[in-house]
Amino acid sequence: MKIVIIGGGAAGVFASLAAKEANPGAEVLVLERTAKLLSKVRISGGGRCNVTHACFDPRMLVRNYPRGHKELLGPFHRFQPQDTVNWFEQRGVALKEEGDGRIFPVSDSSQTIIDCLLGEAEKLGVVIKTQSKLQSIRKGEKGFDLKISKENDLHADRVILATGSALAGWDFAKGFGHTVVAPVPSLFTFNIPSFPLAGLAGVSVRQAKLKLADGKFEEAGPLLITHWGFSGPGALKLSAFEARFLAEKNYEAALIVDWLPEFSEDWLRGLIEKSRGARQAGSLRIVPLPASLWKKLLDRAGIPQTTLANALSKKAVFQLCESLKRDRYQVKGKTTNKEEFVTCGGVALSEINFKTMESRRAKHLFFCGEILDIDGVTGGFNFQNAWTTGLLAGRAAAE
Ligand SMILES: Cc1cc2nc3c(=O)[nH]c(=O)nc-3n(C[C@H](O)[C@H](O)[C@H](O)COP(=O)(O)OP(=O)(O)OC[C@H]3O[C@@H](n4cnc5c(N)ncnc54)[C@H](O)[C@@H]3O)c2cc1C
């Protein structure tokens, strides 16, 4: 049996290991069009590779996938972050969990992950060829005929397409009758022209809640103020859930920030009224916000910092609650997040059997990783999708 895997990224390489482990007698070949394998693994997480996330309940885990949550539930019952951790640790890679749940190699170097994956491939006898680009693929009577750049034509009994977000990969899928959901970027930060908080760049809050005025989702998480707008996990999460809506709006939308999601508005109003003393509003310390942000939010509510707290009118208290709970900004444009970005869109999920990752359009053709219309929020969820779907595709292809 000859299994050919197109794409030497996380999903393709993991699939090759699973295939060879499941069927050591099979010939397993990975073809990568560039000179480098696992190039996204190398640059991921700022060069540290955030391999997965410490979320071990499949039902909780799927909530981190704006696209793919329904379909991944079954696969995550078979291979989830705990299995990823065990897999790497059993092969000598020590991992550590950070405070926010992200899991990295203890070495803080993605090279450790690359060495482990490629070492395993060599040990198992997986053949890997770089600078081998799939140019065309055709289903014959028995298996597939493939044309590869600078190589003789190939025949394969089973093919796994793991080409990530490469346009050519989606064209191959279309050739087999698959629908490809139009790709748009996900995981980006928000640009806000003439950003009123620019002076606070670098200030962050532990937990803010964000939504778009006309959007469907409300997402909470740490929020970072930058020179240009908002970043941090909370902003990235909203960008992922609203990726398609924002693309349709050409990245122009009203963003509403709740700076204190743990405080109800009534509670907050009571707190402000109770804390009235002879102190100046600018030096009140009644809510857990950085002092510089509190002062800025007073400005946005039109309250001079020197106003004595006991002289705050009902209207001023109302305005302050608006700034704290419904602070509004006009987003215009996005910035690619350098730490992690993915593509929303890809091969339509209804056309895939999620028990095996086999195409429902072409027998013995399998898909895994980002070529599918699956993407996760930031924090290791995208690699988990690559490991899980790669493992299932590899095992099923080898059967
Ligand atoms: C800067 C950055 C940082 C990231 N950081 C993280 C992170 O910390 N945590 C996380 O979970 N996710 C992260 N991600 C996302 C994660 O890297 C991807 O979700 C994951 O790599 C997808 O794996 P894949 O194998 O499906 O696709 P890819 O890694 O894109 O691999 C696909 C491979 O197929 C090859 N290919 C394409 N067409 C052909 C062809 N015709 N013939 C042969 N080969 C072909 C490509 O060259 C490529 O090597 C990051 C992404 C980026 C860009």
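**Close-up 1. Glu-151 sits in the loop between strand 8 (144-148) and strand 9 (154-156).** In this predicted model, Glu-151 is partly exposed, because its relative accessible area is 30%, a value that falls between the 20% and 50% limits for buried and exposed residues. Once the neighbours within four places in sequence are left aside, the residues in contact with Glu-151 are Lys-129 and Ser-132. With Lys-129 there is a polar contact from side chain to side chain, at 3.3 Å. Lys-133 lies 18 residues from Glu-151 along the chain, and the C-alpha atoms of these two residues are separated by 9.1 Å.

**Close-up 2. A shell of 34 residues surrounds the ligand.** The closest of these residues are Ala-11, Glu-32, Glu-339, Glu-370 and Phe-383. By type, the shell is made up of 13 nonpolar, 13 polar and 8 charged residues. Helix 1 (10-22), helix 2 (39-47) and helix 13 (381-398) each contribute at least two residues to the shell, and helix 2 gives the most, with 4 residues.

**Close-up 3. Backbone atoms of Ala-10, Asn-50 and Gly-380 approach polar atoms of the ligand.** An oxygen atom of the ligand lies 3.2 Å from a backbone N or O atom of Ala-10, and for Gly-380 the distance between a backbone N or O atom and a ligand oxygen atom is 3.4 Å. At Asn-50, a polar backbone atom is 3.3 Å from a nitrogen atom of the ligand. On its own the ligand has 1000 Å² of accessible area, and the protein covers 95% of that area.

Methods
Residues numbered from 1 in each chain as written. Predicted model: local features only at pLDDT ≥ 70, side-chain atom pairs only at ≥ 80, totals over all residues. Heavy atoms only, no water. Near = heavy atom within 4 Å. Polar contact = N/O pair within 3.5 Å; in protein donor to acceptor, adjacent residues only side chain to side chain. Areas by Shrake-Rupley, 256 points an atom, 1.4 Å probe, with all protein chains shown as cover. Nonpolar A, V, L, I, M, F, W, Y, C, P; charged D, E, K, R; others polar. Buried < 20%, exposed > 50% of the residue type's maximum accessible area, 1.4 Å probe, protein only. Contact = heavy atoms within 4.5 Å.
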